[in-house]
Amino acid sequence: MEYFLQQLINGVTLGSVYGLIAIGYTMVYGIIGMINFAHGDIFMVGAFVALISFILFALTGISLPIVLILVLLIAMVFTACYGWTVEKLAYKPLRKSFRLAPLISALGMSIVLQNYVQAAQGARIKTLQPVIQGGFNFFKESDFVVTLSYLQIFIVLVTIVLMAVFTLLITRTALGRAQRACEQDRTMTALMGINVDRTISMTFIIGSSLASVAGVMFVMYYGVIDFYIGFLAGIKAFTAAVLGGIGSIPGAMLGGLLIGLIETFWSGYISIEYKDIAAFTTLVIVLIFFPTGFLGKPDIEKV
Amino acid sequence: MGKDLIQKSLKDSLFTGIIALALFGPIVGLRTVAKNEVLVVEPKWFVVLLIVIFCAVGRFFINIYSYKKEKRRGEPSSFGKAISNFLDEKGAQIAIAAIAFSIIFPFMPFADRYWMDIAIMMMTYIMLGWGLNIVIGLAGLLDLGYVAFYAVGAYSYALFAIHFGWSFWICLPIAGLFAGMFGILLGFPVLRLRGDYLAIVTLAFGEMIRILLLNWYELTKGPDGLTGIPRPSFFGLPFKRYPDEGVETFHTFFGLEYDPMQRIVFLYYLILVLALITNAFTIKIRRLPVGRAWEALREDEIACKSLGVNPRNTKLTAFAIGAMFGGFAGSFFATRQAFISPESFTFIESAIIVAIVVLGGMGSQTGVVLSTIFLIGLIEVFRDFESYRMVAFGGAMVLIMIFRPRGILAKRKPTITMGKHG
């Protein structure tokens with residue numbers, strides 16, 4: 001029971017990270033119908049920006065809460081630039097191309113980002129000293145002490161706040177309305193006087209900033225990153241997006257949570273070597289038997 | 001007008017410079033290095049400055065150039081068209097010349113060990129490209145996990161050869177058969193998925209097989225890999241300087257001096273023959289009903305269904321045949337290296353093979369050869385700049401999709417036409 005509770009806590013934390021990345025996949029899929037294969041690498045860039053800013057701020061001696069806010073903001077701004085540029089360079093020219101062209105272009109972009117970061121930052125793994133330490137301990141008298149660290153609380157809280165802000169953005173603002181309109185019919189939206197290109201750019205900017213927050217959390221939670229983390233995290237987050245129903249934003253968060261739980265319970269109870277297999281198997285099973293996910297719309301084939 | 005243009009371009013290039021600064025400032029400008037187990041930041045502002053200036057100036061000239069080009073737009077770039085027209089006219093002669101060149105290649109004066117190794121590597125990629133071309137080019141199924149079948153072929157060859165001591169020529173078809181069976185096994189549940197979902201699922205399968213190879217230590221020796229895979233022999237004559245007692249070797253049988261190049265040359269011809277078999281097979285099967293069904297399915301699945309083509313079975317044959325050729329190539333790889341480990345079968349290999357097929361122009365056999373020479377050549381030229389070469393490679397993929405989304409040889413010729421004027 002205590003062990004189960006601990007896995008649950010870890011799973012929810014991990015799920016928050018995946019959920020934030022998954023939103024980027026699902027939004028881009030909803031609006032231009034492509035799988036943004038480079039999104040995982042955008043997350044990786046976010047983690048690197050966070051790492052660099054943590055190291056720099058450690059020298060200045062600013063108090064921790066301000067550092068956290070600053071790092072989050074810096075990571076969001078710089079990573080958003082990457083998302084925006086990737087869209088402009090690699091996807092925008094391909095909007096009218098054949099169906100698989102953006103996917104292949106995204107694949108190329110993913111290779112570029114990974115190797116560019118490797119060239120610029122080195123191939124070695126990077127270790128960050130723990131930023132937030134300590135936590136609550138439960139069941140101290142039993143054999144297995146359950147720990148809920150402050151860091152985990154921070155991660156889940158930030159995710160909830162971001163999700164709330166983001167939901168308001170989508171449902172209440174003009175930008176959100178434009179985005180939902182673009183999802184339904186891009187030509188018609190353009191005829192209504194909405195700048196479709198700008199809306200798509202904004203989608204990439206928002207998706208990348210959310211992924212960068214996930215990157216900040218990842219680097220704080222694991223303390224170890226390298227240029228390759230984006231690949232696996234990207235696939236897992238994509239699985240989350242499909243599981244929740246691709247194109248559906250609450251679905252992405254739900255899917256992320258489920259994937260986080262599946263992964264932690266699998267490594268806790270079955271086998272830690274094969275923990276990535278768990279994610280891949282889920283992906284395959286979901287795509288084969290359940291391609292619309294929990295909250296997705298069914299895909300109708302039209303002649 | 002001109003002044004306005006320059007003003008606009010200047011503004012735009014200033015903006016580009018700011019974006020470039022944001023992109024490269026933190027990642028390039030602040031390199032994290034470990035000093036005494038602690039990460040510190042090492043500034044590299046000069047490099048960033050160079051990149052930013054390069055981006056801004058480049059943007060300025062692109063703006064000016066594209067304005068001038070605007071006036072004479074409408075004619076598509078004719079480079080690829082010229083190549084494909086030339087190949088159409090002289091196709092047969094060029095093919096014969098290319099095959100003749102590849103046959104005499106080992107006897108060229110410059111063909112030393114280095115060139116032979118590159119040639120063998122290119123031939124392997126050409127064969128893989130031709131195998132995957134059946135899946136992507138003909139049947140239109142984007143398979144991002146092709147390396148899985150390459151791995152299955154390599155491992156089944158290695159395991160059979162090591163544990164049973166069977167010769168290359170027995171293990172080769174078995175390896176192909178195994179890979180083909182894997183193709184059917186993996187393809188059966190997923191082939192009804194849409195194009196992009198199929199791509200992701202095949203990617204997942206590819207990674208799953210790699211993780212399995214990495215962790216199933218009893219069978220595959222995990223990350224240590226399999227060593228001592230038997231080298232191929234020339235119809236039973238091994239290539240060895242000091243053979244076992246009473247065994248005749250290649251050089252004693254033919255009364256030659258021993259030379260390690262003999263084995264390399266033999267390997268070269270082996271992969272050449274395997275690749276040419278793949279090519280001949282593809283050219284033939286394109287004209288058969290199943291080949292035509294693949295191409296029809298690629299163009300319009302719904303129309304095919306209504307005409308009574310079974311999409312799943314048709315796709316499955318393409319998937320399995322492609323996998324089989326991947327398996328053949330894998331067993332060749334195993335016997336050439338004499339050592340295999342999961343390291344050789346990462347996702348990036350799949351990406352390279354996909355890039356070869358797509359860049360060549362999906363479905364074009366000649367295109368695969370051209371793009372292999374270009375891409376593997378590119379990787380080889382940048383060999384000294386380890387990670388920059390993959391940046392160049394990925395960048396090439398993006399640029400090709402933007403400027404020639406149908407590949408170098410973009411022209412699609414129907415394999416079968418009705419009558420002369422049809």
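## Phe178 of chain B

In this predicted model, Phe178(B) touches Val152(B), Gly153(B), Ser156(B) and Gly327(B), when residues up to four places away in sequence are left out of the count. Phe178(B) itself sits in helix α6 of chain B, a helix that is made up of residues 168-190.

Because 24 C-beta neighbours lie inside 10 Å of it, Phe178(B) counts as buried, the cut-off for that class being 20 or more. A distance to another part of the chain can be added to this picture: Asp12(B) is 166 residues away from Phe178(B) along the chain, and the C-alpha atoms of these two residues are separated by 57 Å.

## Asp143 of chain B

Asp143(B) is found in the loop that lies between α4 and α5 of chain B, where α5 covers residues 147-164. Asp143(B) is buried, because 32 other C-beta atoms are within 10 Å, where 20 or more are required for a residue to be called buried.

Leaving aside residues up to four places away in sequence, Asp143(B) touches Leu132(B), Val135(B), Ile136(B) and Thr202(B). Along the chain, Asp143(B) and Val354(B) are 211 residues apart, whereas their C-alpha atoms are separated by 7.7 Å.

## Ala338 of chain B

Although Ala338(B) is not a glycine, it has a positive phi, with a value of about 60°. The loop that holds Ala338(B) runs between helix α13, residues 311-337, and strand β4, residues 339-340, of chain B.

Ala338(B) counts as partly exposed, because it has 13 C-beta neighbours inside 10 Å, and that class lies between the limit of 12 or fewer for exposed residues and the limit of 20 or more for buried ones.

## A helix pair in chain B

Helix α4 of chain B, which covers residues 113-138, packs with helix α10 of chain B, which covers residues 260-287, at an angle of about 20°, and their axes are 9 Å apart. The two helices α4(B) and α10(B) are therefore roughly parallel to each other, since angles under 35 degrees are placed in that class. In passing α10(B), helix α4(B) makes a left-handed crossing.

## Chain A as a whole

Chain A contains eleven helices and four strands, and its C-alpha trace spans about 65 × 45 × 40 Å along the principal axes. A compact globule of 303 residues would have a radius of gyration near 19 Å, and the value for chain A, 19 Å, agrees with this.

Of the 303 residues in chain A, 52% are buried. Among the contacts in chain A with a separation of 6 or more, 75% are between residues that are 24 or more positions apart.

## Helix α6 of chain A

Helix α6 of chain A, residues 174-184, has Ala178(A), Gln179(A) and Cys182(A) as its buried residues. These residues lie on the same side of α6(A), because the arc that they cover around the axis is only 100°. The parts of chain A that cover the buried residues of α6(A) include α1 (2-32), α5 (150-172), α7 (186-191) and α8 (196-222).

With α5(A), helix α6(A) packs at an angle of about 70°, the axes being 5 Å apart, and the two helices α5(A) and α6(A) are therefore roughly perpendicular to each other. On the side of α5(A), the contact is made by Leu169(A), Ile170(A), Thr171(A) and Arg172(A), while α6(A) contributes Leu175(A), Gly176(A) and Gln179(A).

How values were computed:
Residues are numbered from 1 along each chain as its sequence is written. Chains are lettered from A and ligands numbered from 1 in the order in which they are written. This is a predicted model: local features need pLDDT of at least 70, side-chain atom pairs count only at pLDDT 80 or more; totals for chains, interfaces and linings use all residues. The radius of gyration is taken over C-alpha atoms; the globule rule is 2.2 Å times the number of residues to the power 0.38. Two residues are in contact if their C-beta atoms, placed from the backbone, lie within 7 Å. The arc is that of the directions from the helix axis to the C-beta atoms. Axes are lines fitted to C-alpha atoms, for helices over the stretch in contact, and angles run from 0 to 180 degrees between N-to-C directions. Angles under 35 degrees count as roughly parallel, over 145 as roughly antiparallel, 65 to 115 as roughly perpendicular and the rest as oblique. A crossing is left-handed if the near helix is turned anticlockwise from the far one by less than a right angle, and right-handed if clockwise.
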